[in-house]
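Q: Could you take a close look at one chain of this complex for me, the second one as written? I'd like to know how its helices are put together and what it touches.

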Amino acid sequence: MGRPSTFTQYKTLLAKDIRQEFRTREMLTSMGIYALLVIIVYGAALALTANGIDVMKMGGGLLWVLIVFTSLLGLGRSFAHEKEQGCMEGILLVPLDRSVVFLAKATANILFMLAVEVIAVPLFYFFFMSGEPVAPTFLAIVAPLVVGTVGMAGIGTMLSTITMNTRSRDVMLAVLFIPLIYPLLYACVTATTAAIAGTEFWMDFFVMPLVLACGYDVVMLLVCWVLYDFVVGA
Amino acid sequence: MAQRKVNVPEAGQWPDKLAVPALAAGAALTTAGFLMAFLFAAPVNGAALDAPELVGGVMVSHQQLLSQKIFYFHMPVAIVSFIALAFGAYYGVRFLTTREQRFDTCSRVAMEIALLFVVFTMITGDLWTRFEWGVWWTWEPRLTTYLILMLIVIAYFVMRNAVDDPERRATYASVISVIALVDVPICFMITRLIPSSVHPVITREGGMAPDMAATVVVIMLGMMLVGYGLYRLRFREARLAERVQALKEQMED
Amino acid sequence: MNPILTDIYSTVIPSAPFIIAAYAIVWVVLLVYVVMVVRGLKKTEAQMALLEEAIAKKSRD
């Protein structure tokens, strides 16, 4: 029996995370409830000041605030049980390429974040945007959402591996995570806002930021992928 | 890892002899540049006018206000901060490939110098912004990306403080210093990528006149020398502290 | 007077505090940093001297 292929290793690690999540539903429930709570806070914050049109204009930004803080919560948890149950040591004892660990974990994080977004975005629409006419380009927000989620999950996986071993790790994750995703966030908010507004020249504000966000994703994922070996071995 | 002889930087060798002269030369050059900025570089040279006019016996097609004098320090310190960050990342990579703690010390000191120059850039830039744009802060792309750069460098030091194990701290710090470098080209290119950015760009303003360029070059050289001198000085202190620590541990055994 | 010169001169007084502050703060921060580094160096050197003395004493005993 030869060594399992890299792809098999990847599938096994990914399946482990997903199976664990299905058993405990820990991440999805906590992230989902947190997203709902942020929406409720928005409700209070916007109750008196903003009417529907204003919220449509701010919608892209508000949506991304929701996503950033929810994923911060999820990413902070993503290595918690590995650490608590000594699972990470077990994985590292297996002679596999460390970057496979990174890819599997990042994929799991992407899936969890996308799952939460699938719930949170319709909720956001339901609470804040249903009163206004929707631009025909509204569905284009899927593209920045996916691009942003991939980058945030990649950077976040790397950083939560680092902060797993630091003191006050939740704060540390936020301190590192938010500056590092900022360029991505900026581009994605611009693209999302353009898609929600759907004005005549929306493509101008949609395509370029999206391309930049993709570029940032590629660079960051490559850097994280290369450096992960060092981080996880320390 | 193969036990290969790695040349590690050490304090107390010939570069240290250069540190104090470098600092002195840097001080002299920046002072000279400072004087040049006010006495040599023309006050009227920069943003285009509608039509060339005769001012003080010279035909000018550009005008610049006194606030532009801040530029002569602002740009050089920004460039030096990028260079320092590049060195921080370089030593970070050296640490990751050799596992030699010394490189981590180098990386840390370089990042500290980077933070110092980032703060200089922020101070000079912000005072210019306050006068020229009338606000203390605006979410302009160049300002924003540079603020992010500063936050990453600060996060680097916060993170260092939160890890106890030296080996682990050095690894994480090196990784962050490499990731921080990704923001440098973004910060540098952002005014080209987003043309609506209102941050002045030299090439867009028609390049620099020779007197401006000379002043900038003098201050740039001076700032680089200051940065280098400070780096060596700080590195010597860090090395000495490490040796004291090692001796203390030896005494206790 | 030339309108451009007037324009330039009119900004000198209001912008001067910001320019002076920009240069002064940079200079002061640099000075503070140098003083801090030199003091740190002196302190560490003193510690080193103490340690060396202690070691010399120990080896004599």
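A: Here is a walk through chain B, followed by its neighbours.

Keep in mind that this is a predicted model. Chain B contains six helices and two strands. Read from the N terminus, the order of its elements is α-β-β-α-α-α-α-α, with the two strands coming after the opening helix. Of the 253 residues in this chain, 46% count as buried. If you take the contacts in chain B with a separation of 6 or more, 76% of them join residues 24 or more positions apart.

Let's start with helix α2 of chain B, residues 71-98. What length should its 28 residues span, and does the model agree or disagree? At 1.5 Å a residue you'd expect 40 Å, and the end C-alpha atoms are 40 Å apart, so the model agrees with that expectation. α2(B) is also mostly covered, with 21 of its 28 residues buried. Right after α2(B) comes Arg99(B), which has a positive phi, near 60 degrees.

Next along is α3(B), residues 101-132, and its partner to look at is α4(B), residues 141-161. Two packed helices are described by the angle between their axes and the distance between the axes. For this pair, the axes come within 10 Å and cross at roughly 145 degrees. The crossing of α3(B) and α4(B) is left-handed. Which residues make the contact? From α3(B) you have Met111(B), Ala114(B), Leu115(B), Val118(B), Thr121(B) and Met122(B). From α4(B) come Tyr146(B), Leu149(B), Met150(B), Val153(B) and Tyr156(B). By class, that makes ten nonpolar residues, one polar and no charged ones in the contact of α3(B) with α4(B).

α3(B) also turns up where chain B meets chain C. That contact draws 34 residues from chain B and 27 residues from chain C. On the chain B side, β1 (47-55), α3 (101-132) and α6 (210-252) each supply at least two residues. The largest share, twelve residues, comes from α6(B). Sorted by class, the side of chain B that touches chain C has 23 nonpolar, three polar and eight charged residues. As for chain C, its secondary structure comes to one helix and zero strands, and buried residues make up 13% of its 61 residues.

The other neighbour is chain A. Here the contact takes 20 residues from chain A and 20 residues from chain B. On the chain A side, α8 (169-197) and α9 (202-233) each supply at least two residues. The side of chain A that touches chain B divides into 16 nonpolar residues, three polar and one charged.

How confident is the predictor about chain A? The mean pLDDT of chain A is 86, and 97% of its residues reach 70 or more. Among the elements of chain A, helix α4 (residues 80-84) has the lowest mean pLDDT, 75, while helix α7 (residues 142-163) has the highest, 92. As a rule, where pLDDT is low, the predicted coordinates should not be read in detail.

One last residue to click on in chain A is Asp17(A), found in helix α1 (residues 6-24). Is Asp17(A) buried or exposed? Asp17(A) counts as buried because 20 other C-beta atoms lie within 10 Å. Its C-alpha atom is separated by 8.6 Å from that of Ala104(A), 87 residues apart along the chain.

Conventions. Residues numbered from 1 in each chain as written. Chains lettered and ligands numbered in written order. Predicted model: local features only at pLDDT ≥ 70, side-chain atom pairs only at ≥ 80, totals over all residues. Contact = placed C-beta atoms within 7 Å. Helix = DSSP H or I, 4+ residues; strand = E, 2+ residues; numbered from the N terminus. Nonpolar A, V, L, I, M, F, W, Y, C, P; charged D, E, K, R; others polar. pLDDT = per-residue confidence, 0-100. Buried ≥ 20, exposed ≤ 12 C-beta atoms within 10 Å, placed from the backbone. Expected span 1.5 Å × (residues − 1). Axes fitted to C-alpha atoms, helices over the stretch in contact; angles between N-to-C directions. Left-handed = near helix turned anticlockwise from the far one by under 90°.
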